[in-house]
Amino acid sequence: MTTFSFSRRPLIFVIVMVLSFNCQGVLNSSEAANPPNPLLALPELPRATTQKIPAPTKLKEFAPGVSVGIGQAVALTGTIIIDQGPIDGIEALACLATGKTHESLVRLDAANGQLVKAAFIAALGVTDGMSAPENIGHPGRGMPLRVMIEWESPDAPGTWRAVDASSLIRDRATDKGYPALPFIYTGSRFLMVDETMPDGRVQRKERFMLDNTKSVVGIVDEPDALLASCSPGAFFDKHFEAFSAICPSAGTKVRLVFTKVTLPLSLRMNAAAELFVEDHLVSDVALDALLAKHYGQGAKPELRAVAVLVDLATPRDQDIIVRARILAAAARAQAWVVPVFQLIAGP
């Protein structure tokens with residue numbers, strides 16, 4: 001009996017050690033697949049608040065649900081359809097009228113993606129950028145636009161309020177809402193797709209993909225969205241939700257107003273992932289100082305994003321390298337800021 005007990009102890013020890021090793025391997029694999037969220041290292045900001053405005057932005061009707069001011073703004077009307085959750089996360093800030101309403105904060109009144117894009121081109125003179133592919137991590141490249149949401153207070157008719165659209169999104173990974181951030185106009189894309197005709201034949205046709213997927217403003221990376229998110233975590237879903245603390249209640253009629261914006265700081269990136277201010281190479285020390293000056297303690301930028309000017313031919317993997325460098329510098333400088341990648345020239 002004693003011999004039996006003695007012989008089992010090392011066996012049990014080996015089994016425990018093997019299981020511990022395997023569990024540790026799973027944890028390490030999980031950590032490799034989901035690296036620590038870089039936003040957790042950034043300083044905490046005061047919670048965003050809605051602001052009272054005298055009246056909604058005045059624009060002219062371009063099409064049903066779409067208004068423009070040439071050289072000024074585009075406005076899209078719609079309805080808040082989610083003001084908390086959902087459990088499986090939000091994927092779009094705004095979708096077309098027949099879009100993915102179970103995972104979009106706003107359902108727009110406009111149903112035609114081509115008309116919506118035409119309004120952006122006519123009013124803001126934007127050109128196509130480069131969409132954000134799914135599940136890769138390459139950020140969208142294009143023109144940063146400020147997106148404000150305006151609505152009439154249901155409790156006080158005639159009183160209008162506004163907030164940056166990004167601030168209506170909460171990130172479960174950081175347990176916080178986002179500050180004011182731009183979205184990136186990429187223009188969606190055209191693709192050749194196989195379509196089954198009424199007689200059963202399959203034909204290849206070129207389609208404007210915004211009219212297929214219907215995501216006008218993306219929160220997670222989606223190559224067919226008209227505008228992409230600049231969140232570093234946009235390559236995976238389920239961690240975004242409506243920021244119920246300030247989000248208008250479901251059923252509230254809203255206007256999304258899109259305008260061009262000049263960000264507080266612009267850096268130029270070359271094909272080797274080096275950063276420049278004008279013609280001066282930016283060292284890590286200099287980068288820390290620049291971010292601290294424009295976005296650190298005491299700074300009050302309207303949007304907490306730094307523009308990274310990039311040429312179309314620069315490999316997109318370099319964007320990931322530069323984004324990681326800027327986020328690391330932001331953590332050192334205690335400056336809440338994320339990069340947005342702005343094409344120097346459209347394709």
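The following exchange between a student and a tutor works through side-chain packing and backbone geometry in a predicted model.

Student: What should be kept in mind about numbering, confidence and atoms?
Tutor: Residues are numbered from 1 along each chain as its sequence is written, and side-chain values use heavy atoms, with hydrogens and water left out. Because the model is predicted, local features need pLDDT of at least 70 and side-chain atom pairs count only at pLDDT 80 or more, whereas totals for chains, interfaces and linings use all residues.

Student: How is the pair of Phe 120 and Phe 258 classed?
Tutor: Rings of Phe, Tyr and Trp (its six-membered ring) pair if their centres lie within 6.5 Å, with planes under 30 degrees apart counted as stacked, over 60 as edge-to-face and the rest as tilted; the whole structure holds 5 such aromatic pairs. In the pair of Phe 120 and Phe 258 the centres are 4.9 Å apart and the planes stand at 75 degrees, so the class is edge-to-face.

Student: Which elements hold Phe 120 and Phe 258, and how many residues apart are they?
Tutor: Helices (H or I, at least four residues) and strands (E, at least two) are DSSP runs, numbered from the N terminus. Phe 120 belongs to helix H2 (residues 113–124) and Phe 258 to strand S17 (residues 253–260), so that the pair links distant parts of the chain, 138 residues apart.

Student: Is Phe 120 buried or exposed?
Tutor: Buried means under 20% relative accessible area, exposed over 50%, and partly exposed in between (1.4 Å probe, protein chains only). The relative accessible area of Phe 120 is 0%, and Phe 258 is likewise at 0% and counts as buried. Phe 120 is therefore buried.

Student: How is the pair of Phe 190 and Phe 208 classed?
Tutor: Phe 190 lies in strand S12 (residues 190–196) and Phe 208 in strand S13 (residues 202–208), so the pair ties together parts that are 18 residues apart in sequence. The ring centres of Phe 190 and Phe 208 are 5.2 Å apart and their planes are at 35 degrees, so the pair is tilted.

Student: Which residues of the largest nonpolar core touch the most other members?
Tutor: A nonpolar core is a set of buried Ala, Val, Leu, Ile, Met, Phe, Trp, Tyr and Cys residues joined through side-chain atoms within 4.5 Å. The largest such core has 89 residues, and its largest share, 6 residues, comes from helix H5 (residues 317–333). The residues that touch the most other members are Leu 105, Phe 120, Leu 256, Phe 258 and Leu 291.

Student: Which backbone oxygen lies 2.7 Å from a polar atom of the side chain of Thr 252?
Tutor: Thr 252 is found in the loop between strand S16 (240–242) and S17, and it is buried, with a relative accessible area of 8%. The backbone oxygen that lies 2.7 Å from a polar atom of its side chain is that of Ser 249.

Student: What is the approximate phi of Ser 188?
Tutor: Most residues other than glycine have a negative phi. Ser 188, in the loop between strand S11 (183–185) and S12, counts as buried at 5% relative accessibility. Although it is not a glycine, Ser 188 has a positive phi of about 60 degrees.

Student: Which residues does the cis peptide bond with omega of about 0 degrees join?
Tutor: Most peptide bonds are trans. Pro 86 lies in the loop between strand S4 (73–80) and strand S5 (92–95). The cis bond, with omega of about 0 degrees, joins Gly 85 and Pro 86.

Notes:
Polar contact = N/O pair within 3.5 Å; in protein donor to acceptor, adjacent residues only side chain to side chain.
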